[in-house]
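Reader: I should be grateful for a close look at the part of this model where charged side chains pair and at what surrounds it. Please set out the terms as you go.

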Amino acid sequence: MADSNEPDIADFADFQLEFADLPALLRAWRAEAGAKLGRAKPLPQKEVAHRMGVSERWYRALESGAQVPLTLDTLMGLADALDLGPDERTALYWYRLADVTDEDQSKGEDGRVARLKDFVDAQTAFPVYLIDHAWNILAYNTLMANWFPWVREPRANLMRWVLETPDSREQIIDWRQQASLYLAQLRFTLVRRPDDPTLKDLLTSALLDPACRELWDAGPRIIAFRQGGKFRLTLPHVSQTELVVTSQVLLPAYYPGARFVALIPV
C-alpha cells in the first residue's frame, strides 16, 4: 500500500503544470530578462511595469494570476518589456487570442485528414509525417515508415516515442538535448490547451522517467515549433553512417494544431 503522504499520481501533472502557468512563466521571464542585462537578480516588477507604461499594481495583479484586461497592445508591450523571443511571444499572445474552439476543430476532421494524407503519400524525396496537436501520428509516407517503423503501430505518438522508448535514446544521438526541446514544445502546447487530457497524460507519463523529470524541472523553456531543427540520427537499417536532418514544419490551413513535418537530409 502506498504511503498516505505520497501525492496521488492523478494529481502529478496538475502539480507540474505550474511550469506552463502564466504567472510562473512571467517570473521566469523576468529572471531571464535580468540575466540578459547582466544583473544577478530578476528584473523588478516595478521596472517591467515602467517599461510597459502601466502601474506596478496592475503588473503585480497580472503576475499573481488575477484576471486583468489584456489587449493585444498590452501583450506587445509586455513582450517588449521582458525582451521575449518569438516562441515566448507566441505563447503569451495565446493567452489573449484563440484560433478556433475545440468544437469547431472537431468538425470535418476525417475529411481534412484524408486530404492531407493524400498529400503526405505523394511525397517521395524524404520522410514526411502529419501529427495533431498532441503529437499523434495521423499520416506518414513510405520513407517515414522505413526510417521509423514504429509509426505503423496503433495510436503511434511521436512525443511518447521520443521521451519514453529505449529505441529513441539509441537512434537520436543527442537524445538529452532533443528530449529537452520536445518537453519545451509540450510546455508550449499546454499553455494553449491547459485542460487537454491527452497532453496532461503525456506529461504525467513522461515525468515518471527520471531523465525527463530532470529536464522538465530545469526550467520553463518554451518552443513553439521545431522549424529548421537539426537532428543527428543513427539508423543502421537505413545508413551505415550518421544521418543529419532538419525538420521543416508546415501548418495546414483549417486544421489548427496539426503539423506537416518533412525531415530533409543535410
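Author: A salt bridge is taken here as a side-chain nitrogen of Lys or Arg within 4 Å of a carboxyl oxygen of Asp or Glu. Arg39, Glu47 and Arg51 are linked in a network of such salt bridges. The model is a predicted one, in which local features need pLDDT of at least 70, side-chain atom pairs count only at pLDDT 80 or more, and totals for chains, interfaces and linings use all residues. Residues are numbered from 1 along each chain as its sequence is written, and side-chain values use heavy atoms, with hydrogens and water left out.

Within the network, the side chains of Arg51 and Glu47 meet with N and O 3.6 Å apart. Both belong to helix H3 (residues 45-52), and because they are four residues apart there, about one helical turn separates them. Helices (H or I, at least four residues) and strands (E, at least two) are DSSP runs, numbered from the N terminus. Accessibility is graded as buried under 20% relative accessible area, exposed over 50% and partly exposed in between, with a 1.4 Å probe and protein chains only. On that scale Arg51 is partly exposed at 39%, and Glu47 is partly exposed at 23%.

The structure holds 13 salt bridges. One of them joins Asp83 to Lys36, with the closest N and O atoms 3.9 Å apart. Asp83 lies in the loop between helix H5 (72-81) and helix H6 (86-93), whereas Lys36 lies in helix H2 (residues 22-36), so the pair ties together parts that are 47 residues apart in sequence. Asp83 is partly exposed, with a relative accessible area of 43%.

A further salt bridge leads to the strands: Glu242 pairs with Arg232, the closest N and O atoms being 2.9 Å apart. Glu242 lies in the loop between S3 and S4 and Arg232 in strand S3, so this pair ties together parts that are ten residues apart in sequence. Glu242 is partly exposed at 38% relative accessibility, as is Arg232 at 31%.

The loop between strand S3 (230-233) and strand S4 (243-250) also holds Ser239. At 18% relative accessibility, Ser239 counts as buried. A polar atom of its side chain lies 3.1 Å from the backbone oxygen of Thr241. This is a polar contact, that is, a pair of N or O atoms within 3.5 Å; within protein, one must be able to donate a hydrogen and the other to accept it, and residues adjacent in sequence count only if both atoms are side-chain atoms.

On either side of this loop, S3 and S4 run antiparallel and are joined by four bridges; two strands pair if DSSP finds at least two bridges between them. Leu233 has Leu243 of S4 as its bridge partner. The open sheet has five strands in the order S2-S1-S5-S4-S3, with antiparallel pairing. Strand S2 (137-140) and S3 stand at its edges with a single partner strand each, so one side of each is left without a neighbour in the sheet.

Leu233 also leads into the interior. Together with Phe148, Leu158 and Leu163, Leu233 touches the most other members of the largest nonpolar core, which has 41 residues. A nonpolar core is a set of buried Ala, Val, Leu, Ile, Met, Phe, Trp, Tyr and Cys residues joined through side-chain atoms within 4.5 Å. Helix H12 (residues 175-192) supplies the largest share of this core, six residues.
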